[in-house]
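Open the structure in your viewer and keep the sequence beside it. This tour goes from one selection to the next and says what is at each stop.

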Amino acid sequence: MLFTISWRNIWRSKTRSIDDIRAIILGVWALIFMISFSTGMIKSYVSNAIQNEISHVQVHHSEFMEDKESKFYMTDSKEKLQFIATMEGIQSATSRTIANGMLTSSKGARGIMIRAVEPETEAAVTKINEKIVEGEYFTEGKRNQLLVSRRIADKLKVKLRSKVVLTFQDLEGEITAAAFRISGVFESGNTPFDEMNVFVTKDNMNQLIGQSDISHEIAIFLDDPATLDATKAKLQAQYPDLSVQTYREISPDVQLYESQIQTSATIFIVIIMLALVFGIINTMLMAVLERFRELGMLMAVGMNKIRVFTMIVLETIMLAAVAVVPGMLLGFITVEYFNKNGIDLSAFSKGINQFGMSEIIYTDLDPGFYIQLAVAVCITAVIGAIYPAFKAIRLRPVEAMRKI
């Protein structure tokens, strides 16, 4: 009986009820979109950091990560790479020789990190070959090829085929310099990375530093990030003398960004629900004040305060339930659309790239969030109904019936 009365009471003032339903639908949709957009931006940053720079897992000499000095290298790198590449769950792996150095042109000089890579395996891990915007990726058989970013090329005023000099330390700590020719210009979409890194072939670099079959880093890309810890454990057991680290250990800021997904979702929920609860209180309080005589009469003929209280709460829950379903449906459609087509933020590319995010953001949302949202709206509706319901049960039937 109470359910029927509560449902009819909602539609006694259709205009007000419809306005409230629209407001709740808009709030639910906005909440879903904001959280999915925020999640998409965070995942864009994490994905770019993993693909461009960190990979899922890295293997180094046990002391390399402390100072990144050339003398802390791994031997038998080809054998290690071949073994790692055949492990279960490994999508791709590559080895690198790394050195801090100076890039000098006729127009200036810049401190950079030299990444000496194996062209084929590096392309499989970082897709750097797909980010060449001018010139070409490493060509087999050519010596002293160099890939620089568009930003470095602009700052040093160099272009394709320009001759530059790389200066760095060899394995003995002696200063070594060699001339390279720019064969390609890349843009990764990550400004900090582009400003600090250049690429050469590992064969050239290893000849210059004095040893052929060595590397400073083995970068590994996994089929499934969920196997991260298990893969690390297997590698550490296989190479107990080496340092095996996941991207979360190498780059704590990436882990921080990942952990902020749930935190940001909670903050958005609290903000939207606070706005929603005040709207519900206002609506239901108006409904109660308009029905003083009716409520007084119901209590006079025997409806106890508990039933009156329950009736007001039911009205609020029903109002919210009518709105939350289309709100979530609209939000789901929006998330799915932009998950496939993306949101183009290329107009803000300079600012976005400074933070290592992509120009195209794909919305993303955990399916479990819809359940959390439905529960949150119901709880908000109950909280919003408490004050108006208490206002109703405090009425004195005789005085309420005299209200005009």
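The stops below cover helix packing, aromatic rings, empty spaces and a few loop residues in what is a predicted model.

**Stop 1: two packed helices**

Start with helix 2, residues 14–54, and helix 13, residues 305–341. Two packed helices are described by the angle between their axes and the distance between the axes. Here the axes of helix 2 and helix 13 come within 8 Å and cross at roughly 35°. The crossing of these two helices is right-handed. Colour the residues of this contact by class: 17 are nonpolar, five are polar and one is charged.

**Stop 2: rings in helix 2**

Stay on helix 2 and select F33 and F37, which both lie in this helix. They are four residues apart, about one turn of the helix. A pair of aromatic rings is described by the distance of the centres and the angle of the planes. The structure holds nine aromatic pairs. One of them is the pair of F33 and F37, which is stacked, with 6.1 Å from centre to centre and 20° between the planes. The angle explains the label: F33 and F37 are called stacked because their planes are under 30 degrees apart.

Are these two rings buried, exposed or partly exposed? F33 has a relative accessible area of 23% and is partly exposed. F37, at 21% relative accessibility, is also counted as partly exposed. Both values fall between the cut-offs of 20% for buried and 50% for exposed.

Now add W29, Y337 and F338 to the selection. Ring pairs link these three with F33 and F37 into a cluster.

**Stop 3: a ring pair between two helices**

Next, select F332 and Y370. Their rings form an edge-to-face pair, 6.1 Å centre to centre, with 65° between the planes. F332 lies in helix 13, while Y370 lies in helix 15 (residues 368–393), so the pair ties together parts that are 38 residues apart in sequence. F332 is partly exposed at 40% relative accessibility, whereas Y370 is buried, with a relative accessible area of 16%.

**Stop 4: the cavity**

Clear the selection and look for empty space. Rolling a probe the size of a water molecule over the atoms shows where empty space is left. How many cavities of 30 Å³ or more does a search of the whole structure find? It finds one. The largest cavity has a volume of about 50 Å³.

To find the place, select the lining: N52, R96, R115, E122, T126, K127, I128, K131, S188, F193 and F199. By class, this lining has three nonpolar, three polar and five charged residues.

**Stop 5: the largest pocket**

Move on to the largest pocket, which holds about 510 Å³ of space. It is lined by 22 residues, and the closest to its centre are E118, P119, T201, K202 and D203. Select those five to put the pocket in the middle of your view.

Then show helix 4 (77–85), helix 5 (119–126) and helix 8 (202–209), each of which supplies at least two residues of the lining. Which helix gives the most to the lining? Helix 8 does, with five residues. The lining of this pocket has three nonpolar, ten polar and nine charged residues.

**Stop 6: a residue of helix 8**

While helix 8 is on screen, select M205, which is in this helix. M205 is counted as buried, at 0% relative accessibility. Add R115, one of the residues that line the largest cavity. M205 and R115 are 90 residues apart in sequence, and their C-alpha atoms are 9.0 Å apart in space.

**Stop 7: loop residues**

Select the loop between helix 6 (150–156) and strand 7 (163–169), where K157 is found. R161 lies in the loop between helix 6 and strand 7 as well. Most residues other than glycine have a negative phi, and most peptide bonds are trans. K157 is not a glycine, but has a positive phi of about 55°. R161, also not a glycine, has a positive phi of about 75°. K157 counts as exposed at 62% relative accessibility, and R161 counts as exposed at 54%.

For the last selection, take K68, in the loop between helix 3 (64–67) and strand 2 (74–75). K68 is partly exposed, with a relative accessible area of 33%. Add A99: the two residues are 31 residues apart along the chain, and their C-alpha atoms are separated by 7.6 Å.

Conventions: Residues are numbered from 1 along each chain as its sequence is written. This is a predicted model: local features need pLDDT of at least 70, side-chain atom pairs count only at pLDDT 80 or more; totals for chains, interfaces and linings use all residues. Side-chain values use heavy atoms; hydrogens and water are left out. Rings of Phe, Tyr and Trp (its six-membered ring) pair if their centres lie within 6.5 Å; planes under 30 degrees apart count as stacked, over 60 as edge-to-face and the rest as tilted. Buried means under 20% relative accessible area, exposed over 50%, partly exposed in between (1.4 Å probe, protein chains only). On a 1 Å grid over the protein atoms alone, a cavity is a set of points where a 1.4 Å probe fits but cannot get out, and a pocket is an open set with protein on both sides within 12 Å along at least five of seven lines; lining residues have an atom within 4 Å of a point. Grid points are joined across faces, edges and corners, and a volume is the space filled by probe spheres set on the points. Ala, Val, Leu, Ile, Met, Phe, Trp, Tyr, Cys and Pro count as nonpolar, Asp, Glu, Lys and Arg as charged, and the others, Gly among them, as polar. Axes are lines fitted to C-alpha atoms, for helices over the stretch in contact, and angles run from 0 to 180 degrees between N-to-C directions. A crossing is left-handed if the near helix is turned anticlockwise from the far one by less than a right angle, and right-handed if clockwise.
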